[in-house]
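Open the model in your viewer and keep the selection panel handy. We will go from one selection to the next, with a word on what to look for at each stop.

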Amino acid sequence: MGWLSRLFGGKEQAERQEREPIDLSVFGYDYHSHMVPGVDDGAPDLEASMEMIDALVSLGYRGAVTTPHIMAGMYPNSPETLRGPFEKLKAAVAERHPAFKLALGAEYFLDHTLLDAVQSDQELLAPGGRLLFELAFAAPPDTALLQEFLFEAQVKGLKPVMAHVERYAYWHNELERFEEWKEQGVILQVNAASLAGAYGPETQEAAVTCIEKGWVGILGTDAHGMRHIDALHASRTHAAVHALAETALNPKLF
Ligand SMILES: [Fe+2]
């Protein structure tokens, strides 16, 4: 394909993807954000958390499962360390937006610590029985570890939610993997910011393909700050967001 056809192909594709902005209240609830103040690389303080919540409310959201990172070494959080800061946020939200529902989840990094936690009696943050987990971006996970984790989580009655599936660049040429995981009971989540193009065209294309194939269950903000809420706002015109609105689990998250 020459540069000219690529250029026009790209333009046609952009036009094909363009729609009237969707009313995001059809999604209702978010599942994936970093709004608990001061516990990870998300909101640094309560003011920053509330700015994100205010923006979600103004976009029509009625609640959110917020999901601080839990990653051995990097973010040594646990249900015990997160509960205090979360309750502080919840009280502030209840005062300003009494109808807004807020639940504490977590974004677990897949490693042996997580596998141990799932295999033992440790408390896991998984509202609605949905356990959000992420993989490394630099290299694919150990397949045996991933399969064991998925098996053990489901034996425990949990539904594993794979975070931002489109961001694992090492799988961009083998997206059909996601269909297999969906069939195994994994809920696939994509980031609104990816659809808005925030992570580049390849990540955007991967997100679109997974949605068009019908593999994606949840649209998430992955909000660490206002930049992700702005990206959510920008994603409203994207055809894939419109398509996902028809089938997403978001409205059933609470
Ligand atoms: Fe995240």
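Start by selecting strand 5 (residues 107-109) and strand 6: these two run parallel and are joined by three bridges. Add side chains and you can find F109 standing opposite E134 of strand 6. Now trace the chain in this predicted model from strand 5 to strand 6: the path goes through helix 4 (residues 112-119), and this β-α-β crossover is right-handed.

Stay on strand 6 and select residues 130-134. Is this strand enclosed or open to the outside, and why? Five of its five residues are buried, so strand 6 is largely enclosed by the rest of the structure. In general, side chains of a regular strand alternate between the two faces of the sheet. Here, R130, L132 and E134 point one way, while L131 and F133 point the other way, and all are buried.

Next, bring in strand 7. Strand 6 and strand 7 run parallel, with four bridges between them. Pick L132 and you will see V161 of strand 7 opposite. The connection from strand 6 to strand 7 passes through helix 5, and this β-α-β crossover is right-handed.

While helix 5 (residues 143-155) is on screen, click on T143, which belongs to this helix. With 8 other C-beta atoms within 10 Å, T143 is exposed. For a distance check, draw a line from its C-alpha to that of Q119: T143 and Q119 are 18 Å apart in space and 24 residues apart in sequence.

Move on to strand 8 (residues 187-191), which runs parallel to strand 7 (residues 159-162) and is joined to it by two bridges. V161 turns up again here, with I187 as its bridge partner in strand 8. Select helix 8 (residues 201-212) as well: it packs on the sheet, touching strand 8 and strand 9, and its direction makes about 140° with that of strand 8.

Now show the whole sheet. It is an open sheet of six strands in the order 3-5-6-7-8-9, with parallel pairing. Strand 3 (69-70) and strand 9 (216-220) are the edge strands, each pairing on one side only.

Two loop residues finish the tour. D222, in the loop between strand 9 and helix 9 (226-234), has a positive phi of about 50° although it is not a glycine. D222 is buried, with 26 other C-beta atoms within 10 Å. Then select H32, in the loop between strand 1 (29-31) and helix 2 (46-58). Its phi is near 145°, a positive value in a residue other than glycine, and H32 counts as buried with 26 C-beta neighbours inside 10 Å.

Methods. Residues numbered from 1 in each chain as written. Predicted model: local features only at pLDDT ≥ 70, side-chain atom pairs only at ≥ 80, totals over all residues. Pairing = 2+ DSSP bridges. Contact = placed C-beta atoms within 7 Å. Axes fitted to C-alpha atoms, helices over the stretch in contact; angles between N-to-C directions. Buried ≥ 20, exposed ≤ 12 C-beta atoms within 10 Å, placed from the backbone. Right-handed = clockwise from strand over helix to strand, strands pointing away.
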